[in-house]
Structures are given as C-alpha cells and as structure tokens.
Amino acid sequence: MVNLKAYYDSGLTMDAYRQTLSDLKTGFDKIYDEHEVQQDSDFERLKESGRKLLVIAEPWCAHCMLNLAILFKLSEAAETDVRVALRDENLELMDEYLTNGNRVIPKVIALNNSNEEVAVWGPKAPMTDLIQKDLMKDMPEKGTAEYEAAFEGVKKEMREKFSTSPELWQAVETDLKQVLSS
C-alpha cells in the first residue's frame with residue numbers, strides 16, 4: 001500500500017489546483033460560484049469527522065471539473081482540508097484506486113487523523129453515470145473514425161450538461177457527503 005500521508009503532504013492545495021485549470025476553468029468556476037452547499041446531517045457528520053481528503057485528478061478532465069468544483073465548495077463549508085495529487089504524475093497512487101482496472105478519475109480518499117483511508121468516492125455520482133450512459137447510447141463502434149467524431153460531440157455535451165445543471169450538482173454533493181461522512 002502507498003503512503004497516503006506522503007501523497008497528501010505533497011499534494012496541491014485547492015487554490016494551486018485551480019491555477020492548473022485552463023480549458024475547463026470557466027465551467028469549474030461557474031459550478032463553484034453558483035452551487036450552494038446543503039448543510040444536512042451528512043454535512044454535519046463530515047464536518048465533525050476531522051477527516052482530510054486526498055483527491056486524484058487532472059485539470060483536463062470534465063468529470064474532475066464537475067466533481068472538484070462541488071467538492072471544493074463542500075470542503076470549504078465543512079472546514080475539511082483537501083489536497084490534490086495529479087494522476088499522471090502519481091501513477092503508483094492511481095494504480096491503488098483503479099475503477100474496473102482503469103485509471104478513471106477523480107477519486108476522493110478520506111483520511112482519518114492517523115492518515116489511514118476511511119472512505120473512497122469516485123469517479124462519479126450515480127446521476128452523472130446515468131447522464132453519461134444516455135449520451136453514449138447511440139455511439140458508433142469503438143475504434144472507428146465515426147466513434148472518435150461522435151465521442152468529441154458527446155464530450156462537449158457532457159461538459160455543457162455538467163456546467164449548467166444545478167440538479168446534477170446537488171446529486172454529486174449528496175453522493176459525496178454520504179460516502180465521505182460514513
């Protein structure tokens with residue numbers, strides 16, 4: 001097992017991560033600025049837990065744009081410290097948190113006061129998965145030129161949906177709180 005404390009200690013702060021954003025900065029900022037955190041019982045449990053969060057992400061990832069904007073807003077409200085390890089620079093860490101054998105991000109690892117993993121969230125909330133599956137349902141066969149062109153269109157639609165759906169934002173927040181506060 002990797003040394004989670006070392007990755008946390010060397011990770012980017014939320015502000016430093018935001019400085020790495022380029023193409024997805026506008027969407028990230030829109031979600032972050034417009035989302036209102038719901039302070040329910042899961043929120044209170046997270047706030048009182050004393051946990052800190054280690055996130056595996058990349059600034060080019062649309063799922064990271066959505067999820068980290070919500071997570072950062074939530075963590076600030078709950079006074080929970082967050083550090084981000086960039087996936088492509090930390091493959092040993094990423095390989096401990098594969099999804100179906102793949103390096104899918106983001107992953108959020110909740111650590112207790114002893115820097116031990118107590119919960120893992122990611123790479124996406126159930127509602128996000130439903131939206132993605134719906135957008136991908138009529139895709140051409142993977143590996144073809146038609147697929148690549150269609151996939152670019154789907155990525156654009158996902159980025160648009162991610163940055164304009166308060167209902168999705170709330171679903172992501174709810175899922176994050178439930179998993180990270182348990």
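So, the aromatic cluster: ring pairs link Tyr 17, Phe 28, Tyr 32 and Phe 72. Keep in mind that this is a predicted model. The structure has four aromatic pairs, and I'll walk through two of them.

Take Tyr 17 and Phe 72. Their ring centres are 6.0 Å apart and the planes meet at 85°, so we call that one edge-to-face. Tyr 17 belongs to helix H2 and Phe 72 to helix H5, so this pair ties together parts that are 55 residues apart in sequence. How buried or exposed is Tyr 17? Tyr 17 has a relative accessibility of 1%, so it counts as buried. Phe 72 also comes out at 1%, so that ring is buried too.

The other pair is Tyr 147 with Phe 151, and this one is stacked, with 5.7 Å from centre to centre and 10° between the planes. Both residues sit in helix H8, four residues apart, which is about one turn of the helix. Why does that spacing matter? An α-helix has 3.6 residues a turn, so residues three or four places apart point the same way. On accessibility, Tyr 147 is buried at 9%, while Phe 151 is partly exposed at 23%.

Back to the cluster, and to helix H3, which covers residues 25-34. Phe 28 and Tyr 32 are among the buried residues of H3, along with Gly 27, Asp 29 and Ile 31. What covers them? The cover includes helix H2 (14-20), helix H5 (62-77), helix H8 (145-164) and helix H9 (166-180). Tyr 32 has a charged partner as well: Arg 18 lies over the face of its ring, 4.3 Å from the ring centre.

There's another charge over a ring elsewhere. The charged end of Lys 52 sits over Tyr 8, at 4.7 Å from the centre of that ring.

Last topic, the cysteines. How many disulfides does the structure hold? Zero. Look at Cys 61: the closest cysteine sulfur to its own is in Cys 64, 3.2 Å away, and that's too far for a bond. The cut-off we used is 2.5 Å between the sulfur atoms, so a 3.2 Å gap doesn't make it. From the other side, Cys 64 is in no disulfide either, and its nearest cysteine sulfur is that of Cys 61. As for accessibility, Cys 61 is at 8%, so it counts as buried, and Cys 64 is at 0%, so Cys 64 is buried as well.

Note on methods:
Residues are numbered from 1 along each chain as its sequence is written. This is a predicted model: local features need pLDDT of at least 70, side-chain atom pairs count only at pLDDT 80 or more; totals for chains, interfaces and linings use all residues. Side-chain values use heavy atoms; hydrogens and water are left out. Buried means under 20% relative accessible area, exposed over 50%, partly exposed in between (1.4 Å probe, protein chains only). Helices (H or I, at least four residues) and strands (E, at least two) are DSSP runs, numbered from the N terminus. Contact means heavy atoms within 4.5 Å. Rings of Phe, Tyr and Trp (its six-membered ring) pair if their centres lie within 6.5 Å; planes under 30 degrees apart count as stacked, over 60 as edge-to-face and the rest as tilted. A charge sits over a ring if NZ of Lys or CZ of Arg is within 6 Å of the ring centre and within 35 degrees of the ring normal.
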